[in-house]
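Morning, everyone. I will take a few minutes on one protein chain, beginning with a strand pairing and then widening the view. Please look at the screen.

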Amino acid sequence: MEYAVEYRKGERWNQNPDRLYKYMECRLCGQFSPVSEDTTSTVCHECVMEMTDPPEINRRGNTGKPSGWHFMKEFVDRNGNVYHKGVEQPKLKGTLPPTKIEKKKRLSKKEMAARKRKWKARKSDFGSGTLWKYAQTVGPAYLGAPTHPGKKKEVKDYSEI
Ligand SMILES: [Zn+2]
């Protein structure tokens, strides 16, 4: 299936007004959205939003299970269900007392500040070699995974999914 393509002058805040940008019709609704040069089909962000569910609300706390209970060697919930590393053990149900969950103490601002003062960036053991090389190419995730070698050759435009 071939989708309609259009070239438009940059008009968005993050586009160069003197450049032409490739737009392609959304394969679901037909509205045009910008794509990379080698994209062969795309779904616009509005259709993507309709396809995906709203973010799941964190219901932890209502289950009565503490975070990380899957990883506990043995965990007994308040109904007496026994889990070994997250796997229910029906035969053991009701044979053990519920695991006591200790609530984590929240740190006061003062304690938090004190810890921050004490904190030092850990020195890396890798001053050379592959891991060092790798470390030189990556940045923090909040900056958007800055390393992506080979993107130009990608057929799919993942930014449009
Ligand atoms: Zn669409």
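Strand β5, residues 82-84, pairs with β6 in the antiparallel sense, and 2 bridges join the two. One pair to find here is H84, which stands opposite V87 in β6. This is a predicted model, so please keep that in mind throughout.

Now widen the view a little. The strands β4, β5 and β6 form an open sheet in that order, with antiparallel pairing. Which strands stand at the edges? They are β4, at 75-76, and β6, at 87-88. Each has a single partner strand, so one side of each has no neighbour in the sheet.

Next, the strands nearer the N terminus. Strand β1, residues 5-9, runs antiparallel to strand β2, residues 20-25, and 5 bridges join them. Within that pairing, R8 stands opposite Y21 in β2. On to β3, residues 32-34: this strand is joined to β2 by 3 bridges, again antiparallel. Here Y23 faces P34, standing opposite that residue of β3.

What lies between β2 and β3? The two form a hairpin with 6 residues between them. In the turn, G30 has a positive phi of about 85°.

Finally, the whole chain. The protein chain has 3 helices and 6 strands. From the N terminus, the order is β-β-β-α-β-β-β-α-α. How many of the 161 residues count as buried? The figure is 6%. As for contacts between residues at least 6 apart in sequence, 17% join residues at least 24 apart.

That is all from me.

Conventions: Residues numbered from 1 in each chain as written. Predicted model: local features only at pLDDT ≥ 70, side-chain atom pairs only at ≥ 80, totals over all residues. Helix = DSSP H or I, 4+ residues; strand = E, 2+ residues; numbered from the N terminus. Buried ≥ 20, exposed ≤ 12 C-beta atoms within 10 Å, placed from the backbone. Contact = placed C-beta atoms within 7 Å. Pairing = 2+ DSSP bridges.
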